[in-house]
Amino acid sequence: MKVFTQLYDACIRWAKHKYATYYLALLTFSESVFFPIPPDVMLAPMVISQRQKAWFLASITTISSVVGGIVGYMLGAYLYEPVVLPFIEMMNYQDKFATIVGYFDEFGVWIVFLAGFTPIPYKLFTVSAGMLSMTFWPFVIASSIGRGMRFFLVAGILYFGGEKMEHKIRQYVDVLGWLVVGLIVTYVVYKQF
């Protein structure tokens with residue numbers, strides 16, 4: 001079944017849409033505050049389909065993410081009890097949130113940098129930073145460096161990989177897609193037992 005190849009081809013078509021850059025910015029901003037899907041899934045096909053705009057797209061993604069991170073910070077700082085805490089309880093994230101607070105105690109501003117660069121859910125750290133009254137400018141600087149490194153790395157790999165990289169991704173997208181599905185199912189089954 002070529003399900004993921006069809007999805008990949010659709011993503012490449014959508015990436016060429018005249019409003020795709022705005023959608024990328026909106027998705028990235030949302031992901032930094034509440035949305036679960038990382039912006040890399042939109043950034044990658046956009047860079048593949050418009051290699052000449054790779055650095056511009058990475059810049060838009062970075063700026064949108066940091067602005068979203070600032071909004072998340074403000075939510076944590078000023079609306080933790082009326083907005084954030086009920087959401088954490090509704091999603092049953094109390095344990096995850098307690099772990100994150102422990103990371104802040106142990107690593108300080110470096111945890112924001114790590115959350116920005118790695119696949120760790122950045123949004124949880126933006127809200128936590130505000131709730132814990134982390135100093136604002138170090139938060140913004142760590143977010144900018146971490147997010148920028150991540151998105152420029154994605155854009156750079158695809159830019160310098162060029163058509164050869166695009167061909168390889170398309171060739172193996174179904175294998176990778178089913179592998180990810182298998183890992184998710186394995187994780188869900190493992191968590192049940």
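Which residues does M46 touch, once those up to four places away in sequence are not counted? In this predicted model, the answer is A15, A20, T21, L24 and L57, and this list is a convenient place from which to start a walk through the structure.

M46 belongs to the largest nonpolar core, which has 21 residues, and within that core L24, L43, M46, V47, L57 and L158 are the members that touch the most other members. At least two residues of this core come from each of helix 1 (3-15), helix 2 (20-33), helix 3 (40-49), helix 4 (54-78) and helix 9 (136-192). Helix 3 gives the most, with six residues. Apart from this core lies another, of 16 residues, and F104, Y122, L124 and V140 are among them; the text returns to F104 further on.

Helix 3 deserves a closer look. Nine of its 10 residues are buried, so helix 3 is largely enclosed by the rest of the structure. The buried residues are D40, M42, L43, A44, P45, M46, V47, I48 and S49, a list that includes an aspartate and a serine. Continuing along the chain, one reaches Q50, which is placed in the loop between helix 3 and helix 4. Is Q50 buried or exposed? With a relative accessible area of 12%, Q50 is buried, because buried means under 20%. Leaving aside its neighbours within four places in sequence, Q50 is in contact with A15, K16 and L57; A15 and L57 are also among the residues that M46 touches.

Helix 2 has 14 residues and reaches 20 Å from its first C-alpha to its last, which is close to the 20 Å expected at 1.5 Å a residue. Its buried residues are A20, T21, L24, L27, T28, S30, E31, S32 and V33, and of these A20, T21 and L24 are touched by M46. A further set of contacts involves S64, a residue of helix 4. S64 is buried, with a relative accessible area of 11%, and, when residues up to four places away in sequence are not counted, S64 touches A25, T28 and F29.

The largest pocket holds about 1,100 Å³ of space. It is lined by 24 residues, and those closest to its centre are P38, D40, V41, L176 and V180. Helix 1, helix 3 and helix 9 are the elements that give two or more residues to this lining, and helix 9 gives the most, with 13 residues. D40, one of the residues closest to the centre of the pocket, is also one of the buried residues of helix 3.

Attention now turns to helix 6 (residues 94-107), which has 14 residues and reaches 20 Å from its first C-alpha to its last, close to the 20 Å expected at 1.5 Å a residue. Which residues of helix 6 are buried? They are F97, I100 and F104, and because they cover an arc of only 60 degrees around the axis, they lie on the same side of helix 6. On the other side of helix 6, D95, A98, D105 and E106 are exposed. The buried residues of helix 6 pack against helix 5 (80-90), helix 7 (109-117) and helix 8 (122-131). Just after helix 6, G108 takes a positive phi of about 60 degrees.

The packing against helix 8 can be followed through F125, which lies in that helix and counts as buried at 3% relative accessibility. Not counting residues up to four places away in sequence, F125 touches I100, Y103, F104, I111, A115 and I120, and two of the residues named here, I100 and F104, are buried residues of helix 6. F125 and Y103 are 22 residues apart along the chain, and their C-alpha atoms are separated by 9.5 Å.

Beyond helix 8, the loop between helix 8 and helix 9 contains S133. Phi of S133 is near 55 degrees, a positive value in a residue other than glycine. In contrast to the buried F125, S133 is exposed, with a relative accessible area of 58%.

Notes: Residues numbered from 1 in each chain as written. Predicted model: local features only at pLDDT ≥ 70, side-chain atom pairs only at ≥ 80, totals over all residues. Heavy atoms only, no water. Core = buried A, V, L, I, M, F, W, Y, C linked by side-chain atoms within 4.5 Å. Buried < 20%, exposed > 50% of the residue type's maximum accessible area, 1.4 Å probe, protein only. Helix = DSSP H or I, 4+ residues; strand = E, 2+ residues; numbered from the N terminus. Contact = heavy atoms within 4.5 Å. Expected span 1.5 Å × (residues − 1). Arc of directions from axis to C-beta. 1 Å grid on protein atoms, 1.4 Å probe; cavity = no way out; pocket = protein on both sides within 12 Å on 5 of 7 lines; lining within 4 Å. Points joined across faces, edges and corners; volume = space filled by probe spheres on them.
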